[in-house]
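Me: I'm new to reading protein structures, and I'd love some company while I look at this one. Could we go through it together, question by question?

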Number of protein chains: 2
Amino acid sequence: MEFLTGVKEEQTLSLAQLKEPERLGQTVQVQGAVHALRDMGNVAFVVLRRRDGLVQCVYEEGVTKFNLKDIREAATVEVTGKLEASEKAPGGVEIRLLDVRVLSMPEAPLPLAISKWKLNTSLEARLNYRSISLRNIRERAKFKVQEGLVRGFREFLYQQGFTEIHTPKIGAKGAEGGSNLFRLDYFHRPAVLEQSPQLYKQMMVGVFDRVFETGPVFRAEKHNTKRHLNEYTSLDFEMGYIEGFEDVMAMETGFLQYAIELLKKDYAKELSILDVSLPEVSRIPAIRFDEAKEKVAEKYQRKIRNPFDLEPEEEQLIGRYAKEEWGADFVFVTHYPSKKRPFYAMDDPEDERYTLSFDLLFRGLEVTTGGQRIHDYQMLLEKLEKRGMTEEGLETYLDTFKHGMPPHGGLGIGMERLTMQLLGEENVRETTLFPRDLSRLVP
Amino acid sequence: MEFLTGVKEEQTLSLAQLKEPERLGQTVQVQGAVHALRDMGNVAFVVLRRRDGLVQCVYEEGVTKFNLKDIREAATVEVTGKLEASEKAPGGVEIRLLDVRVLSMPEAPLPLAISKWKLNTSLEARLNYRSISLRNIRERAKFKVQEGLVRGFREFLYQQGFTEIHTPKIGAKGAEGGSNLFRLDYFHRPAVLEQSPQLYKQMMVGVFDRVFETGPVFRAEKHNTKRHLNEYTSLDFEMGYIEGFEDVMAMETGFLQYAIELLKKDYAKELSILDVSLPEVSRIPAIRFDEAKEKVAEKYQRKIRNPFDLEPEEEQLIGRYAKEEWGADFVFVTHYPSKKRPFYAMDDPEDERYTLSFDLLFRGLEVTTGGQRIHDYQMLLEKLEKRGMTEEGLETYLDTFKHGMPPHGGLGIGMERLTMQLLGEENVRETTLFPRDLSRLVP
């Protein structure tokens, strides 16, 4: 019988502790994986990779009580040595090794040169060897930045009185209608994977007023582009008692401002590793869909082919326009055509061909879709009828409106896309831990 | 063209603002849903439900410029009135109504008496009307407490140097083997819903050293008990460079201590609404599986039927034993039999019939399973062979170990179960927003 009384203090040191000036000259212990090993004869450099960064260790024949041949790259070790200042080492310190304890040894050489600054390997190879390629310091840093964005989303929304919810991913019906759904057998009943928490989060506005969720969504789209995934993480919120959909855009602007400050504060190391220049978020322009199309057609001599659709190239040009005209990295495009939005979108009473909705473009790519929702029961029924949809599978959703709902709106942000644009990546798979697409189901 | 510059300040007041002494006597505006309406003739009490609690308003004929008949329960409104002290009102203040602006009106009377303190309705009915029943103050409070637990999990682990990850839920193979998996068609390839992020989080230990994830898991178990769900939220972490599985238990103890303090600090209102007595977490006993079985058999005169299995009743008795012997609400049961654990569990080198693993029981119910994992490539291969398993679908997982992994361990906590036991509920569906079980796929 023993008792657990809380977290055990780590016996070995962190990078931050190694940098404390009073430790210089002391004998220290550090754990890590052998990230790089450069044997120069009598002396060798052993670089350890830890969660908090790299530590340079110096092996000296005769001094270190250990045979260098007993480790290699990708071994994990606990080293003991004397801490010394070193201008050239990362963090300004290095450990002159006295002893090495091997914790584990690899069985085979690494398939990728992960210790290089940039992994000169195809995306395909990096995804095939995902658990190895992410050991590269730059590859890894992308997902720390992603963590910061998600953390910022939650922290900001907690402060704004939102409640976090966890809605089911297996359901009887999708939020946007019947297409693009993965189907499965649920104990001999037909079921689908939810393509959005939309209907659930709306229902929860009647309970908590403001709710959010960060979770997976599933889309069986047969796109194979640099921007699409078949499973991704959606950052969703929904808020009641709004005056208009501008309140939702204002809340998203607040989130972005908060997240950028959080990145500066807690993820400066990763931003520097990736050489990221943070976007301007103090003010974000909003422009109507039809107006944006016209402005872009005019400025870049582009013909409008379909007034009710926005092509990827047009999105890019709107992003370029926002940058050139207002110095803006982000731009809200508002009043999307009704036929392009799902049944629950609130039509603009001033022109029902358009909705009180928006997309947020970040450097020319859509990263958010949002808007005001219909909260009136009769209006919802009419909209369903107009679309030729039935109430089947929507009973609880519709009942919720029958029993009263405040005016509300919300949005969904694609986590991987937001990260991709922030880091200036060309393919959303670069910022997806284990992508799922038309051809990729493993690893 | 307009610019969004950040969150718009709310024009109406929060409950905290209403309680500021200097506001007494002022004319205030508040938004909310009509939670209860008690008409006494010339005077009526209109209780508003907001995300932060209830606000009592007093309607007086002739004073309030509004016809009381124009609202009813479940309407959403913005009220204007004079703020006055009132000992009997929730929060010690009430609003004497001057005017009411209706934001939305319900179409039909509520199916449940949600304004009662306790909803005297069957669980079945409450789940069928989930979006309505949760409008009850006590029902709603359960999920705020749940939020606190999840928030505590993340905040604590961030502090301990863990990185948050998002792993795919659609995969080619399950972590625990082939049974109990929901199967689906993924673009004409057979796929499954992951029953755990186990294999992914282990692979990511080689990258980030310490990782966690909070997300859905899917189990096609044909159980229909008060403790089982077919989809639930798992709080998972995995940590490298451990000396033994005790490090994992110590980390979980630290989490529980942190979460309980967070609940006391930020969720005191909900704890009070639900009359929760918080468990003792300053020290948590740990007892071996075989020893626990013996102690319980001895003390409660119960025959041991199967020395390698723990029946639900035995779990309950171990919980009772821990309470009686050590005053403990939680107890770690360690060294589970190897045949009861998945292939990746590390066997105890001192007796290979047992593993270096544990369950955490909370008031007699398992809420966590965890332990040390095998980190040696050859040992993993041997274990797979011994179990008659093939490497198929595990290629990337096994490759990760071939290329070096530190000693590591981790755990998974059932979010709904943890909440259930904390709140003293009898059925895990009470603490699940939209449960999925053998018979329940909607709402």
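Here is our conversation about this predicted model.

Me: Let's begin where the two chains meet. How much area do chain B and chain A bury between them?
Reply: Good place to start! The size of an interface is often given as the accessible area lost when the parts come together. Here the contact takes 125 residues from chain A and 125 residues from chain B. Of the buried area, 61% is on carbon and sulfur atoms, and the total is about 10400 Å².

Me: How many salt bridges are there between chain B and chain A?
Reply: Side chains of opposite charge can pair when their charged atoms come close. One such pair is Glu164(B) with Arg154(A), whose closest N and O atoms are 2.6 Å apart; that lies within the 4 Å cut-off for a salt bridge. Between chain B and chain A the count is eight salt bridges.

Me: And which helix gives the largest share of the side of chain B that touches chain A?
Reply: Polar contacts come in here too: 62 residue pairs, both at pLDDT 80 or more, are in polar contact between chain B and chain A. By class, the side of chain B that touches chain A has 61 nonpolar, 30 polar and 34 charged residues. The largest share of that side is 10 residues, and they come from residues 137-159 of chain B, helix α4.

Me: Which residue in β1(B) stands opposite Pro285(A)?
Reply: This takes us to strands that pair from one chain to the other. Strand β13 of chain A, residues 284-288, and strand β1 of chain B, residues 2-4, are antiparallel and share three bridges. Opposite Pro285(A) in β1(B) stands Phe3(B).

Me: Now for a sheet that joins both chains. Which strands stand at its edges?
Reply: Follow the order of this open sheet of nine strands: β1(A)-β13(B)-β14(B)-β17(B)-β18(B)-β19(B)-β12(B)-β11(B)-β7(B), with mixed pairing. A strand at the edge has a single partner strand, so one side of it is left without a neighbour in the sheet. The edge strands are β1 of chain A and β7 of chain B.

Me: Which helix lies across β13 and β14 of chain B?
Reply: Two helices are worth finding here. Helix α5 of chain B, residues 198-208, lies across β7, β11, β12 and β19 of chain B and runs at about 30° to β12(B). The helix across β13 and β14 of chain B runs at about 95° to β13(B), and this one, residues 289-299, is helix α8 of chain B.

Me: In β18(B), what is the bridge partner of Phe362(B)?
Reply: First find strand β17 of chain B at residues 357-362 and strand β18 of chain B at residues 365-372. They run antiparallel and are joined by six bridges. In β18(B), Phe362(B) has as its bridge partner Leu365(B).

Me: Let's turn to chain A. Which helix packs on the barrel sheet there?
Reply: In chain A, five strands close into a barrel in the order β2-β3-β4-β6-β5, with mixed pairing. Neighbouring strands of this sheet are turned by 55° against each other on average, direction ignored. The helix touches β2, β3 and β4 of chain A, and its direction makes about 20° with that of β3(A); it is residues 137-159, helix α4 of chain A.

Me: Which residue of β3(A) stands opposite Val34(A)?
Reply: Strand β2 of chain A covers residues 27-39 and strand β3 of chain A covers residues 43-50. These two run antiparallel, with six bridges between them. Opposite Val34(A) in β3(A) is Leu48(A).

Me: How many residues apart are Arg126(A) and Glu139(A)?
Reply: These two form a salt bridge, with the closest N and O atoms 3.3 Å apart. Arg126(A) belongs to helix α2 of chain A, while Glu139(A) belongs to helix α4 of chain A. The pair links distant parts of the chain, and the separation is 13 residues.

Me: One last stop: how far apart in space are Arg353(B) and Lys340(B)?
Reply: Arg353(B) is found in strand β16 of chain B, which forms a hairpin with β15(B), two residues between them. Leaving aside neighbours within four places in sequence, Arg353(B) is in contact with Phe308(B), Pro337(B) and Ser338(B). Arg353(B) and Lys340(B) are 13 residues apart in sequence, and their C-alpha to C-alpha distance is 9.9 Å.

Definitions and conventions
Residues numbered from 1 in each chain as written. Chains lettered and ligands numbered in written order. Predicted model: local features only at pLDDT ≥ 70, side-chain atom pairs only at ≥ 80, totals over all residues. Heavy atoms only, no water. Contact = heavy atoms within 4.5 Å. Buried area = accessible area lost by both parts, 1.4 Å probe. Salt bridge = Lys/Arg side-chain N within 4 Å of Asp/Glu carboxyl O. Polar contact = N/O pair within 3.5 Å; in protein donor to acceptor, adjacent residues only side chain to side chain. Helix = DSSP H or I, 4+ residues; strand = E, 2+ residues; numbered from the N terminus. Nonpolar A, V, L, I, M, F, W, Y, C, P; charged D, E, K, R; others polar. Pairing = 2+ DSSP bridges. Axes fitted to C-alpha atoms, helices over the stretch in contact; angles between N-to-C directions.
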